[in-house]
Amino acid sequence: MRLKVANSTKRKAVAMLPEVKAQWEAELNSNVVSDDPTFAESVERWLEAKSKSVKENTMVAYTGYANKHIIPMLGHIKTKDIQYAHLQRYIDDLAGDLKVKSLKKHLVVINGALEDAERSGIISSNPARLVQMPREAEKFVGNTLAKEALSAAQEEGEPMYAIVILGMVYGLRRSEMCGLRWKDIDFENGYIHVCNTVVKGKSGHIEEESTKTEKSNRYLPLIGFTIPYFRDLLQQQISSGSKCDKVCQLSDGSPVLPDYMTHKYKEFLAAHSLPDIRVHDMRHTAASLLVAHDATPQQAQEFLGHESISTTLDIYTHCLDESKRKTADIMDKIYLS
């Protein structure tokens, strides 16, 4: 908008200029980050900024790494004085206690804070780029449950039977089992839509209509022998007056939460003399059985909801040994015929 400036208006504007300038400079200075922060301050600023763009459960993990290890071990050093040697020693000191996979997540926080410092001109280059991770001792090889575990779970009753079916038969993650709702099971069209999860957050549990990755949001065909089981379970819950909409729920109608699932699952394994393996390893059982019965890695990938086929192959390579032997037998027959 253009204003006609009279002499008196111009004089008032000139008189106000120092006050406006002082206000502007005060606001500017209030937003300026100190040019000599400790690394603890840099990490805390990065966490605050990151909290606006990532999920709450991810922030809980980042904050845990920072408060338990990063700040106690590195926080007292001025950010401008952080060197490669500090960071490499940090990684090396923790390597005996933490897995490489965990250390890489620590480095995400450290690297993020230092990248911000580099952009702000506090440091000229980011020493985290030079850090070398220790060699992983061995590739992860998941453990499996025998099919007999299904019978043991049926004997155990609910909610363990639902947990074992969803984990060992359908290959769901713990968060996906806790999040599965009856409305996600379409009996008429014969599928389960894996699209809802429950995870631990900073102030409790978080339920989200989202999954770990884009491919984790998947449709699984209902497996024949589980259909009457699911129908019966739904009717039992309705008859009990349960208002919970979850497939996995307790006798009082409350939903099964992640920590409870892990705790009761370990008790179940011990009570039935089954191998002491993780809830997540039931996914490995599902993959092992699929591959052992001629499912392709691509089929296993789609069924389990892995984002990349390399994940399926890296974690479950040993499941393919039998298939490789069959391929070798085929080649043998070709050349002997």
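This passage describes the sheet, the salt bridges, the surface patches and several single residues of a predicted model.

The sheet is described first. Three strands, in the order E1-E2-E5, form an open sheet with antiparallel pairing. E1 and E5 stand at its edges, and each has a single partner strand, so one side of each lacks a neighbour in the sheet. Strands of a sheet pair through backbone hydrogen bonds, either parallel or antiparallel.

Strand E1 covers residues 185–186, and strand E2 covers residues 191–194. Their antiparallel pairing runs over 2 bridges. In this pairing, Asp186 stands opposite Tyr191 of E2. The hairpin of E1 and E2 has 4 residues between the strands. Within the hairpin, Gly190 takes a positive phi near 75°.

E2 also pairs with E5, again in the antiparallel sense, over 4 bridges. Tyr191 has Pro221 of E5 as its bridge partner. Val194 has Arg218 of E5 as its bridge partner. Tyr191 therefore links to both edges of the sheet: Asp186 stands opposite Tyr191, E1 and E5 are the edge strands, and Pro221 in E5 is the bridge partner of Tyr191. In a regular strand the side chains alternate between the two faces of the sheet.

Salt bridges come next. The structure holds 12 of them. Glu176 and Arg173 are joined by one, with an N to O distance of 2.8 Å. Both of these residues are buried. Another joins Asp184 and Arg181, at 3.0 Å from N to O. Asp184 and Arg181 are buried as well.

A further salt bridge connects Lys246 with Asp245, where the closest N and O atoms are 3.4 Å apart. Lys246 has a relative accessible area of 5%. Buried means under 20%, so Lys246 counts as buried. Asp245 has 36% relative accessibility and therefore counts as partly exposed. Elsewhere, Asp36, Lys78 and Lys80 are joined into one network by salt bridges that share partners.

The surface carries patches of two kinds, one charged and one nonpolar. The patch of positive charge gathers Lys99, Lys101, Lys105 and Lys212. Among them, Lys212 sits in the loop between strand E4 (204–208) and strand E5 (218–221). Lys212 counts as exposed because its relative accessibility is 63%, and exposed means over 50%.

The nonpolar patch has an area of about 470 Å². Ile330, Met331, Ile334 and Tyr335 make up this patch. One of these residues, Tyr335, belongs to helix H14 (residues 321–336). Tyr335 counts as exposed, because its relative accessibility is 67%.

Two further positions concern helices and the loops between them. Leu172 lies in the loop between helix H7 (160–169) and helix H8 (174–179). Its relative accessible area is 1%, so Leu172 is buried. Leu172 and Arg283 are 111 residues apart along the chain. Their C-alpha atoms, however, are separated by 6.4 Å.

Gln298 is placed in helix H12 (residues 297–304). With a relative accessibility of 44%, Gln298 counts as partly exposed. Gln298 and Ser310 are 12 residues apart in sequence. In space, they are 10.0 Å apart, C-alpha to C-alpha.

Note on methods. Residues numbered from 1 in each chain as written. Predicted model: local features only at pLDDT ≥ 70, side-chain atom pairs only at ≥ 80, totals over all residues. Heavy atoms only, no water. Patch = residues over 30% accessible without salt bridge, like charges linked within 9 Å, V, L, I, M, F, W, Y side chains within 5 Å. Areas by Shrake-Rupley, 256 points an atom, 1.4 Å probe, with all protein chains shown as cover. Salt bridge = Lys/Arg side-chain N within 4 Å of Asp/Glu carboxyl O. Lys, Arg positive; Asp, Glu negative; His and termini not counted. Charge placed at Lys NZ, Arg CZ, Asp CG, Glu CD. Buried < 20%, exposed > 50% of the residue type's maximum accessible area, 1.4 Å probe, protein only. Pairing = 2+ DSSP bridges.
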